[in-house]
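Colleague: I've got a model open on my screen and I'd like to talk through its insides. Can you walk me through it?

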Amino acid sequence: MSHWLSVVSSFHSTDDYLTRTLPEERWIVKHLIPAGGLVTLYGKPKCGKSFFALGLAASVSDGHPWFLMPEFTVDVPGPVVFLQLDTPPSIWTEYIEGVVGGGDEFKQVYWADSMDVENGPFDILKENHVEWLRRALQQINPVMIICDSIREMHRANENESHMMATVIGNLRRAAEGTSIVLLAHARKGLAGAMVSFEDIIDSVRGSSYLAGRVDIMMRLQDGVGTKTKKAPKEFAFRGRTRGIGDGVVKLWQDTETGLLHLDEPKHTLLDYRLVRDARNLAMRDALKRLKDVGGISERTAYRHLERLGLSFTE
C-alpha cells in the first residue's frame with residue numbers, strides 16, 4: 001500500500017494541477033523562438049532561407065524587433081552562433097559582407113563553417129563532433145544557434161524517425177539550454193508548389209519526427225508576382241505561437257543586402273537602420289530622414305515611426 005501511495009503522490013488532482021505554479025514561459029523572439037526551444041525554417045532551395053536567418057541573427061544579437069513587427073520583439077537579446085554547412089565559405093563570406101555593407105555589424109554573431117570543423121565533414125552523429133560543438137558553445141554561451149542546414153549535419157537517412165531522433169537528441173546535448181533554429185528543405189515534389197498554411201507541417205522534407213518534435217515550424221516560399229510587381233516571399237508559421245493570428249506574412253528582399261523585410265516602401269532599408277540606431281537618434285532627425293528619402297510628409301513620417309513602435313532620444 002505504501003508503494004502505491006508513493007507512486008500516486010507524483011500525480012496531481014485536476015484542481016491541484018490547474019492551480020500549481022508553473023515556470024515562466026520565456027521567448028528569445030516573442031511568439032517565434034522559445035527560450036531553449038527548437039524551431040525549424042524550411043523551403044525550397046534558393047528561396048531565401050539563409051538571408052531570412054541572417055536577419056534573425058542580426059535582430060537577436062542587436063535586440064531590435066524582428067521584421068520591424070511589434071509582435072516579434074526580441075525579449076532576450078544576446079550572442080548568436082551560426083553554423084553554416086550548406087553554402088561554400090567563399091559565397092557565404094560574400095553574403096555577410098553584403099549585409100555588413102548595409103549597416104549591420106553582427107558584433108555578437110559568431111560564425112563557423114565546414115573549414116572550422118575538427119576532423120570534418122561535420123556529423124552530429126559522431127560523438128567527437130557533438131563534443132566539438134558543445135565546447136564551442138560553452139565558450140560563447142549564446143542565446144540561439146542557427147544550423148544551416150540540418151541535411152548537412154548528418155549522413156543518416158532523413159526519412160528514418162529513429163535516426164532523426166538521434167540527430168535531434170545529439171544536437172540538444174551539444175546545445176543544452178540554447179534555442180536552436182534548424183534550416184531544412186521542403187519535401188520533394190512540393191518544393192515548387194504553393195503550400196497553404198494548413199499543410200505547412202506536412203510539407204517539410206524527411207521524417208515526420210522533426211515536424212512533431214519542434215516547438216515552431218516556419219515555411220518560406222516564393223510568392224506570386226505580376227508583370228509590374230516583383231514577387232514577395234511568403235512566410236507562414238505554426239506551433240506555440242498564440243495571439244498573432246494564423247496567416248501568411250509577405251516579405252520583400254532587399255536588392256542590396258539580400259535581407260528580407262516586412263513591407264516594400266521606398267524607405268524599407270532606412271526603417272531597418274532607424275531601428276538599429278534608435279537609441280542614438282532624435283525624433284526630429286528620424287522624421288527628416290524619412291521625409292527626405294521616402295518623399296513623404298512629416299505627418300506621414302510620424303505615423304510610420306509610430307507604427308514601428310520606436311523610442312527616440314529627446
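What follows is a chat about the core, the rings, one helix and some backbone oddities.

Colleague: Before we start, what kind of model is this?
Modeller: Keep in mind that nothing here comes straight from an experiment on the bench; this model is predicted. Local features are taken where pLDDT is at least 70, and side-chain atom pairs count only at pLDDT 80 or more. So, in a word, the model is predicted.

Colleague: Which helix gives the largest share of the largest nonpolar core?
Modeller: That core has 41 residues, and among those touching the most other members are Val-29, Phe-52 and Ile-146. Eight of the core residues come from one helix, spanning residues 49-62. That helix is α3.

Colleague: And how many residues are in the second, separate core?
Modeller: Ile-124, Ala-174, Ile-180 and Leu-182 are included in it. The count for that second core is 32 residues.

Colleague: Is Ser-61 buried or exposed?
Modeller: Ser-61 sits in helix α3. Beyond its sequence neighbours within four places, Ser-61 is in contact with Gly-78, Val-80, Gln-108 and Val-109. Its relative accessible area is 5%, and the cut-off is under 20%, so Ser-61 is buried.

Colleague: Are the rings of Phe-82 and Trp-92 stacked, edge-to-face or tilted?
Modeller: This is one of eight aromatic pairs. The ring centres of Phe-82 and Trp-92 are 5.0 Å apart, with the planes at 50 degrees. Stacked needs under 30 degrees and edge-to-face over 60, so the Phe-82 and Trp-92 pair is tilted.

Colleague: How many residues apart in sequence are the parts that this pair ties together?
Modeller: Phe-82, at 0% relative accessibility, is buried, and Trp-92 is buried at 3%. Phe-82 belongs to strand β4 and Trp-92 to helix α4, so the pair ties together parts that are apart in sequence by ten residues.

Colleague: In the pair of Phe-106 and Trp-111, which residue is partly exposed?
Modeller: The pair is edge-to-face, at 5.2 Å centre to centre and 85 degrees between the planes. Both residues belong to a cluster of linked ring pairs that includes Phe-51 and Tyr-95. Phe-106 is buried at 6%, whereas at 30% the partly exposed residue is Trp-111.

Colleague: What arc do the buried residues of α5 cover around the axis?
Modeller: Helix α5 has 14 residues and reaches 20 Å from its first C-alpha to its last. His-129, Val-130, Trp-132, Leu-133 and Leu-137 are buried there, and the buried residues pack against β4, β5, β6 and α6. On the other side, Gln-138 and Gln-139 are exposed. The buried ones lie on the same side of α5 because their arc is only 160 degrees.

Colleague: Which residues does the cis peptide bond with omega of about 0 degrees join?
Modeller: Most peptide bonds are trans. One cis bond joins Gly-120 and Pro-121, with omega of about 5 degrees, and Pro-121 is in the loop between β5 and α5. Ser-149 is in the loop between β6 and α6. The bond with omega of about 0 degrees joins Asp-148 and Ser-149.

Colleague: What is the relative accessibility of Lys-46?
Modeller: Lys-46 lies in the loop between β3 and α3, and its phi is positive, near 65 degrees. Asn-119 also has a positive phi, near 55 degrees, and counts as exposed at 61%. Lys-46 counts as exposed, with a relative accessibility of 80%.

Technical notes. Residues are numbered from 1 along each chain as its sequence is written. Side-chain values use heavy atoms; hydrogens and water are left out. A nonpolar core is a set of buried Ala, Val, Leu, Ile, Met, Phe, Trp, Tyr and Cys residues joined through side-chain atoms within 4.5 Å. Buried means under 20% relative accessible area, exposed over 50%, partly exposed in between (1.4 Å probe, protein chains only). Helices (H or I, at least four residues) and strands (E, at least two) are DSSP runs, numbered from the N terminus. Contact means heavy atoms within 4.5 Å. Rings of Phe, Tyr and Trp (its six-membered ring) pair if their centres lie within 6.5 Å; planes under 30 degrees apart count as stacked, over 60 as edge-to-face and the rest as tilted. The expected span of a helix is 1.5 Å times one less than its number of residues. The arc is that of the directions from the helix axis to the C-beta atoms.
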